There are 2 protein chains.
Amino acid sequence: MKLKEVGEKVLVETARKTFRKGKSIRIGIGDDAAAVDLPGKKCLVVTTDMLVASTHFPAGMKPEQIGIKSVVVNLSDLASMGAEPLGLAFSVALPRELEFGYVKRIMRGMESAAKEYGTYVVGGDLDEAEEITIAGSAFGLADKNKLLRRSGVRKGDILAVTGELGAASAGLKIIMEKIPAKGYGELVKAQLEPKARVMEGMALARSGHVKAAIDVSDGLAANLWHLSRESGVKIIIDREKIPVHRLVKKFSAQYGYDIDEFALYSGEDFELIFATQPRFWESVKSALKRTGTKATPIGMAVEGSGVFIKIGEKIDELEDRGYEHFK
Amino acid sequence: MKLKEVGEKVLVETARKTFRKGKSIRIGIGDDAAAVDLPGKKCLVVTTDMLVASTHFPAGMKPEQIGIKSVVVNLSDLASMGAEPLGLAFSVALPRELEFGYVKRIMRGMESAAKEYGTYVVGGDLDEAEEITIAGSAFGLADKNKLLRRSGVRKGDILAVTGELGAASAGLKIIMEKIPAKGYGELVKAQLEPKARVMEGMALARSGHVKAAIDVSDGLAANLWHLSRESGVKIIIDREKIPVHRLVKKFSAQYGYDIDEFALYSGEDFELIFATQPRFWESVKSALKRTGTKATPIGMAVEGSGVFIKIGEKIDELEDRGYEHFK
């Protein structure tokens, strides 16, 4: 059987079964990042994320933006665990015919993004390849008992999301379909220069009232399904409450696109979905507010399984659809 | 200017200048791995290494061997810092048309190698690409004041190397030139299933008498040049003392190859070159012996710069030549 018939999820499941999980491994394969116990109260949180030019870099993406995105996708995985970044390392494969100046600009993008999040590029590896391939790894520290994880949602929890959704994928649509970007520059920028919610993840973890989070990398729907499966709960969200970026609404109306494709079924917004008990909501909201970021409650976790969406009076199962490799 | 005109070394130098080095960064870009201070006595040692099929996987390499090599190249970088491995993470890009069974076998190879060195594969990322690309990262712990580094050689130090040299590249020659492997299976195996000197690196660091090491990944000559440049010393080695693998001698004689091409100018033996003061030599040798590995003194560090080789009564500069990407 070929990978395109098997799909990414089955591969992840196979990895989970193949690799032993040692006693020191607090969180292994299957979350946004892994967590390994260190002596003392802290654990090391590590993640790796690879960007391949043909899949991840839309036409017209500047080399600085390639550098920024390489940093952000990795830091976002630390953010969704609530970890404080210590540093980043990059394995970079480049074509021999590539211009040196272009590579310098990628590095400058990496450096500026690392600086923005108060962290450092500490090492790397260089190789040759047909297309630009950047594998980053990020590592950070978190309190052992304050990790945010996919499996941390409990029935009765409120599900909430930071910021707004849909901008990055609407931006990608503009780029791919060569739609005039006038008035929609913010959407294009959300795609090309995404932000990671690093301070927000740390604030959620430190509040002590949040045990579950995931970043919106595959899309709201797919990421909610991850939370539901890993936590063993049923999640019901309210379509009306989903904070869709205002320009995504405008853009969808103007060009006849379905808003849900951007806000629910496409990824790369890198917002955080998290869960907390209703009685802690105000306190968590204030903790987040100090980072300058708003959060919106979008639903609840209850006993059962699956992810459902309330539209008006109707409640339907939400499609488990988003970005999946190989399929 | 294109990368093929610039070469890997200039790129590394550019990276060094581009990326800030924070106060917590004990060792940044330019060593085998980076070291970041943790609270307390330990520092985190991290490295990343990418293997691209067309460059790194010779024809006939089994998927299990691809998995093994991916683990070993990364652990070898931890070994050369004297760090104890905590875990590994892999970003893997695969073609959609690849067989699922093939990928399972790569994973099994990774798992068996991780187990051999007492460590774990804790996470990863999956992507699509035209050719198999595996970017690993390994992380471990070391005492802050017992790190082995490229810049740690002092004048008066003995330079020594673990094990024997030349086997991996002679094995590669056999594979590439389709030379009958009969009698030379050990060389082929050294190429396809290399070993990392993890316990040896830890023993050297813990002895307290070794401050400098590097792994033989680019070749003895190129790696000695790295040590010389980073430590600001002149290194003189004795050609007679270089421990060449006996089958490399036999193979070179039989097929008319220059032994030095394998033992001095080709890499991937993953032995450790290290430095210690003469008065500590016996103690370091015994510390190593407990891991079951021999070390051979091959030269000395003196005041000055450059790497030189003594052949009979003549001392010549050793060519700074080995594997360099893009050139």
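Domain bounds here come from an automatic or database domain assignment. For chain A that assignment gives domain 1, residues 3-145, and domain 2, residues 148-317. Their C-alpha centres lie 21 Å apart.

Before going on, a word on the source. This is a predicted model: local features need pLDDT of at least 70, side-chain atom pairs count only at pLDDT 80 or more, and totals for chains, interfaces and linings use all residues. Residues are numbered from 1 along each chain as its sequence is written, and chains are lettered from A and ligands numbered from 1 in the order in which they are written.

Now the contact between the domains. Two residues are in contact if their C-beta atoms, placed from the backbone, lie within 7 Å. On that basis, 23 residues of domain 1 of chain A and 24 residues of domain 2 of chain A take part.

Which elements supply at least two residues each to the domain 1 side in chain A? They are helix H4 (63-79) and strand E4 (84-94). Helices (H or I, at least four residues) and strands (E, at least two) are DSSP runs, numbered from the N terminus. H4(A) gives the most to that side, with 9 residues.

Next, the two chains. Chain B can be laid on chain A by a turn of 180° and a shift of 0.0 Å along the axis, with an RMSD of 0.0 Å; the fit is by least squares on the C-alpha atoms of residues with pLDDT of at least 70 in both copies. That is the relation of a two-fold axis. In chain B, the C-alpha nearest the axis belongs to B:Ala135, 3.1 Å from it.

Last, the interface: 100% of the interface residues of chain B are also interface residues in chain A, so the copies meet through the same surface.
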